[in-house]
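Visitor: I would like to learn how to read a protein model, one feature at a time. Could you take me through it slowly?

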Amino acid sequence: MSEYQNFDDYNDNNDDNEYNALSGKKITVGKIIKKTLLYSLRISAFLVIAILLWRIFSGEPPKNMKELIFTEATAQSITENPDSFIAYHYIHEDNLTPDGKFAVSHVYYIPSEKQVQVTVRYNNSTIKKLVQEYSLSEEPAFEPFIFTLTDGLGNTYTEYKYISGKRNMYNYRKLVFDGVDFSSLIIEEPAFNATDEEVEAFEEIAKDKYIVLNVYYKNDVLLSKPYGSLSVFDYSYYREPLDMSKYTKKSQTVTPGLSEHTEYTVKEEPAETTEN
């Protein structure tokens, strides 16, 4: 047998154990599959994290949707009495309609003006759903939604001003309602050692202490049947005073872009609704 007979065995194309001259290690099919899977998993994990981060940051409201709005009344009030001007932030989780069409955040209340400010968010897909549900030929060219506030005491607030914002797929409206009295809706929770009777009495009182934001399609405003409803306030909301230092450093002016709501017609309630 010649000493060169097996010379080409090193480069045999059918050999599963090829030699890597650079690393000095054999490259096997198993190693290739393992490395491929490992790097594929790493790339997939990176892409998932990147998408999640993008969704988180793209869902963050624009700056003007998070800040306090100033109307003529509040701008004058804070300019004249900067030390006594107070605004509260009411915080609550899961402010989202069950169908996911709308969300609310940054609920502010200014006691001196009895003013409520609410940021509403809706996705571009919400408009597409609106087109489908109302069999529209195209997306509305006008402001599509109307908003009202209702409380558990039977009050409805229909007058508001707003500013608009947009970030990526999300549309924002910062709403300002005047003349809303929170004082009659705020109650203290019972003590930790309250009796069953005291807790029962509290629950009976608390069931009417709430405010809801109602959303309507502009051409279909039937007050008893909103397109969407979201909680804006109830007794369980955590309240904290806003840091007003950044607003009181100089005289405030009316927030730019503040507009009156779109004109609309309220439909007459059906007989069965009014009877109830």
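Guide: Let us begin with a single residue, bearing in mind that this is a predicted model. Isoleucine 91 is partly exposed, because its relative accessible area is 32%, and the word "buried" is kept for values under 20% while "exposed" is kept for values over 50%. Isoleucine 91 sits in strand E3, which covers residues 88–91.

Visitor: Which residue, 148 residues apart from isoleucine 91 along the chain, has its C-alpha atom 6.3 Å from that of isoleucine 91?

Guide: That partner is arginine 239, and the pair shows how separation along the chain and separation in space are two things to read side by side. Another pair to read in this way is aspartate 99 and threonine 126, which are 27 residues apart in sequence and 9.8 Å apart from C-alpha to C-alpha. A further pair is lysine 128 and proline 140, with their positions 12 residues apart in sequence and 10.0 Å between their C-alpha atoms. Lysine 128 belongs to helix H4, and with a relative accessibility of 48% it counts as partly exposed.

Visitor: How should I read the two sides of a helix, and which residues of helix H3 are buried?

Guide: The general idea is that an α-helix has 3.6 residues a turn, so residues three or four places apart point the same way. In helix H3, residues 72–80, the buried residues are Thr74, Ala75, Ser77 and Ile78. Because these residues cover an arc of only 165° around the axis, they lie on the same side of H3. The face turned away from that buried side carries Glu72 and Glu80, which are exposed.

Visitor: What is the idea behind a salt bridge, and how many are there in the whole structure?

Guide: Side chains of opposite charge can pair when their charged atoms come close. A search of the whole structure finds nine salt bridges. One of them joins the side chains of glutamate 60 and lysine 66, at 3.1 Å from N to O. Glutamate 60 counts as partly exposed, because its relative accessibility is 36%, and lysine 66 is also partly exposed, at 28%.

Visitor: Are glutamate 143 and arginine 173 buried or exposed?

Guide: Both glutamate 143 and arginine 173 are buried, and they form a salt bridge in which the closest N and O atoms are 2.4 Å apart. This pair links distant parts of the chain, since glutamate 143 is in the loop between helix H4 (124–133) and strand E6 (145–151), while arginine 173 is in strand E9 (residues 170–177), 30 residues apart. A salt bridge also joins aspartate 220 and lysine 267, whose closest N and O atoms are 2.7 Å apart. Here too distant parts of the chain are linked, 47 residues apart, with aspartate 220 in the loop between strands E10 and E11 and lysine 267 in the loop between strand E13 and helix H6. Lysine 267 is partly exposed, with a relative accessible area of 41%.

Visitor: Which residues are linked in a network of salt bridges?

Guide: The network is made of Asp99, Lys101 and Glu133. Aspartate 99 lies in the loop between E3 and strand E4, and it is partly exposed, at 40% relative accessible area.

Visitor: What should I look for in the backbone angle phi?

Guide: Most residues other than glycine have a negative phi, and most peptide bonds are trans. Serine 135, although it is not a glycine, has a positive phi of about 50°. Serine 135 is in the loop between H4 and E6, and at 65% relative accessibility it counts as exposed. Asparagine 168 is not a glycine either, and its phi is positive at about 55°. Asparagine 168 is found in the loop between strand E8 and E9, and it is partly exposed, with a relative accessible area of 44%.

Visitor: Which residues form a nonpolar patch on the surface?

Guide: Val29, Ile33 and Leu37 form that nonpolar patch, and together they have about 270 Å² of accessible area. Leucine 37 is in helix H1, which covers residues 29–58, and it is exposed, with a relative accessible area of 52%. A patch of negative charge can also be found on the surface, where Asp196, Glu197, Glu198, Glu200 and Glu203 gather. Among them, glutamate 203 has its place in helix H5, residues 196–206.

Methods: Residues numbered from 1 in each chain as written. Predicted model: local features only at pLDDT ≥ 70, side-chain atom pairs only at ≥ 80, totals over all residues. Heavy atoms only, no water. Patch = residues over 30% accessible without salt bridge, like charges linked within 9 Å, V, L, I, M, F, W, Y side chains within 5 Å. Areas by Shrake-Rupley, 256 points an atom, 1.4 Å probe, with all protein chains shown as cover. Salt bridge = Lys/Arg side-chain N within 4 Å of Asp/Glu carboxyl O. Helix = DSSP H or I, 4+ residues; strand = E, 2+ residues; numbered from the N terminus. Buried < 20%, exposed > 50% of the residue type's maximum accessible area, 1.4 Å probe, protein only. Lys, Arg positive; Asp, Glu negative; His and termini not counted. Charge placed at Lys NZ, Arg CZ, Asp CG, Glu CD. Arc of directions from axis to C-beta.
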